[in-house]
Structure formats: C-alpha cells, structure tokens
Amino acid sequence: MDDRPASTGGEASPRARPDPFRLLNGNVYFNGKCEECRPLCAAVCCRGYALVSLTEEEAKGGRYAYKEASDDCDCELCKKMRELGVRYTLPKQPDGGCIYLDGARKCSIYEERPETCREYSCVNVPFTLHPA
Ligand code: SF4
Ligand code: SF4
C-alpha cells in the first residue's frame, strides 16, 4: 500500500520523501511539517487539545471569538478553565475541534493564529494516527 500523503498543491516534490512520522515504542511522532502530516494526523492538534488559552490582549483585541471563565459557573468548560488556570480560551465546535478549523481541517486564521498555537509543536508529542 502506498500511504505517502498526497501533494497539497503548490510545491513541486519530485523526489520521494521520508515518512512524515516515526514510530517509537508504539507511539507516533510527526515531523511537524503540517502539509505532509495532515492526511495522517487529521489536524489532531486542533481537535484533541484541552484548551487554547488566549492572553487578555488577544481576547479583548477583537480578532478572536473567545470564552471567558466565570468564577461561579458550573459548566464543564468553566470548570476546566478554572482547573487549568485559564481565563480566556478559543471556543470549540460541538465535536471538540477549534472553532477556526475549517472543513479541510486547516486553520482558517493561520496567519493570525494566537500565540499558543504559534508556540505549539507536535514533534515530540506521541499520537494515535487518525487518517483523514
Ligand atoms: S501540528 Fe497539528 S497539523 Fe501539524 S503535523 Fe502536528 S498534529 Fe498535524
Ligand atoms: S486557531 Fe488555528 S491553529 Fe489554533 S487551534 Fe484553532 S484551528 Fe488550530
């Protein structure tokens, strides 16, 4: 079976590339090159996380939809935010994915994504494969 990811367009890739992941002790580690990995990881980073925290400036700056934790709300999200010490977070879709994840499982605000997303790397984070 040829399970090499399909080209995502735009870039010429005349030579065979190594797999975008390696297996170690039964865990999958991606190389962090999202265009290569996405057909295999299905953007699990933007679907399987707990919260994307926002700074107050990000939340109040008008660029993002956001949820602010309430000190006395008993909903699961507010409880989770208090537990993690997060005051502001990006809202989620009903399936748990980020509200900014589009139908192709790409970030629809990639150039403007929050600092938390910019700093994230999945290179050394073990995953289960979720083929798109
Ligand atoms: S950062 Fe997300 S989309 Fe990119 S390779 Fe890792 S899991 Fe996949
Ligand atoms: S803002 Fe973009 S990069 Fe950040 S979690 Fe949402 S979809 Fe992923």
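**Reading two ligand shells and their surroundings**

Tutor: Let us begin with ligand 1, which is surrounded by F30, G32, C34, C37, R38, C41, A43, V44, C45 and C122. Please note that the model is predicted.

Student: Which part of the chain gives the largest share of the shell around ligand 1?

Tutor: Helix 1, residues 34-41, does so with four residues. By character, the residues of this shell comprise eight nonpolar, one polar and one charged.

Student: How does the shell around ligand 2 divide into nonpolar, polar and charged residues?

Tutor: There the count is nine nonpolar, no polar and one charged. The residues around ligand 2 are C46, V52, L90, C98, Y100, L101, C107, I109, R113 and C117.

Student: What is the order of the elements along the chain?

Tutor: Reading from the N terminus, one finds β-β-α-α-β-α-β-α. In total there are four helices and four strands.

Student: How should I read a helix, and which residues of helix 1 are buried?

Tutor: The general idea is that an α-helix has 3.6 residues a turn, so residues three or four places apart point the same way. In helix 1, the buried residues are E36, C37, R38, L40 and C41. Strand 1 and strand 2 are among the elements that cover them. Just after helix 1, A42 takes a positive phi of about 55°.

Student: Where do nonpolar residues gather, and how many form the largest nonpolar core?

Tutor: In soluble globular proteins, nonpolar side chains tend to be buried together. Here the largest nonpolar core has 16 residues, and those with the most contacts inside it are C41, A43, L54, L90 and C98. Helix 1 gives the most to this core, namely three residues. Of the 132 residues of the chain, 18% count as buried.

Student: Which residues does A43 touch, apart from its neighbours within four places in sequence?

Tutor: A43 is in contact with R38, L101 and R105. Two of these names have appeared already: R38 in the shell around ligand 1, and L101 in the shell around ligand 2. R105 has a positive phi of about 60° although it is not a glycine. R105 is found in the loop between strand 4 (88-89) and helix 4 (115-119).

Student: Is N25, in the loop between strand 1 and strand 2, buried or exposed?

Tutor: One counts C-beta neighbours inside 10 Å; N25 has 6, and therefore counts as exposed. N25 also has a positive phi, of about 50°, without being a glycine. By contrast, R105 is partly exposed, because 17 other C-beta atoms lie within 10 Å.

Student: How far apart are G32 and S121 in sequence and in space?

Tutor: They are 89 residues apart in sequence and 6.6 Å apart in space, C-alpha to C-alpha. G32 lies in the loop between strand 2 and helix 1. Leaving aside neighbours within four places, G32 is in contact with S121, C122 and V123. Across the chain, among contacts with a separation of 6 or more, 62% join residues 24 or more positions apart.

Student: What is the mean pLDDT of the chain, and where is the pLDDT below 50?

Tutor: The mean is 84, and 85% of the residues reach 70 or more. Over residues 1-14 the pLDDT is below 50, and this stretch has seven contacts in the model beyond near neighbours in sequence. Where pLDDT is low, the predicted coordinates should not be read in detail.

Conventions:
Residues are numbered from 1 along each chain as its sequence is written. Chains are lettered from A and ligands numbered from 1 in the order in which they are written. This is a predicted model: local features need pLDDT of at least 70, side-chain atom pairs count only at pLDDT 80 or more; totals for chains, interfaces and linings use all residues. Helices (H or I, at least four residues) and strands (E, at least two) are DSSP runs, numbered from the N terminus. A residue is buried if 20 or more other C-beta atoms lie within 10 Å of its own, exposed if 12 or fewer, and partly exposed in between; C-beta atoms are placed from the backbone. Two residues are in contact if their C-beta atoms, placed from the backbone, lie within 7 Å. A residue is near a molecule or strand if its C-beta atom, placed from the backbone, lies within 6 Å of it. Ala, Val, Leu, Ile, Met, Phe, Trp, Tyr, Cys and Pro count as nonpolar, Asp, Glu, Lys and Arg as charged, and the others, Gly among them, as polar. A nonpolar core is a set of buried Ala, Val, Leu, Ile, Met, Phe, Trp, Tyr and Cys residues joined through C-beta atoms within 7 Å. pLDDT is the predictor's confidence in each residue, from 0 to 100.
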